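I opened this model to look up a few local features, and I note below what I found, entry by entry.

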Amino acid sequence: MSAEETMKIITKQWCNLTDLMKLLGCGRNKALEVKKQIKDKLINEGYFIPGTDLPMQAVVDVLKIDIDRLEKIIKLGQ
């Protein structure tokens, strides 16, 4: 996945399962495992997670996505 595609996904407020699959580059089952781990972590920290989506910021933090690096890559490509 390109830097532009990654940035387009991570600029959303919420991360659904399809977004998580794209970010991880994996299938549905693995994405469900990671989603559960992130959701459990947030709940243990005292957050309430409404619905089935995860806050994108939590996903970015857990996956350690370097936004500054993505921005630099995009800028170099232009």
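I began with Lys64, which I found in the loop between α4 (56-63) and α5 (67-77) of this predicted model. When I looked up the backbone there, the phi of Lys64 came out near 55°, which is a positive value in a residue other than glycine. I also checked the surface, and Lys64 is exposed, with a relative accessible area of 71%.

Next I turned to the cysteines and asked how many disulfides the structure holds. The count is zero. Cys15 is in no disulfide, and the nearest cysteine sulfur, which belongs to Cys26, lies 11 Å away. Because a disulfide needs the two sulfur atoms within 2.5 Å, I entered Cys26 too as being in no disulfide, with the sulfur of Cys15 as its nearest at 11 Å. I then looked up how accessible each one is: Cys15 is buried, with a relative accessible area of 2%, while Cys26, at 23%, counts as partly exposed.

My last entry is on the interior. The largest nonpolar core has 20 residues, and those that touch the most other members are Ile10, Leu20, Leu23, Ile38, Met56 and Val59. I noted where the core residues come from, and α1 (3-10), α2 (17-24), α3 (28-44), α4 and α5 each supply at least two of them. I followed up one of these residues, Leu23, and asked which residues it touches, leaving out those up to four places away in sequence. I listed Met1, Thr6, Ile9, Ile10, Met56, Val59, Leu63 and Ile65 as the contacts of Leu23.

Conventions:
Residues numbered from 1 in each chain as written. Predicted model: local features only at pLDDT ≥ 70, side-chain atom pairs only at ≥ 80, totals over all residues. Heavy atoms only, no water. Helix = DSSP H or I, 4+ residues; strand = E, 2+ residues; numbered from the N terminus. Buried < 20%, exposed > 50% of the residue type's maximum accessible area, 1.4 Å probe, protein only. Core = buried A, V, L, I, M, F, W, Y, C linked by side-chain atoms within 4.5 Å. Contact = heavy atoms within 4.5 Å.
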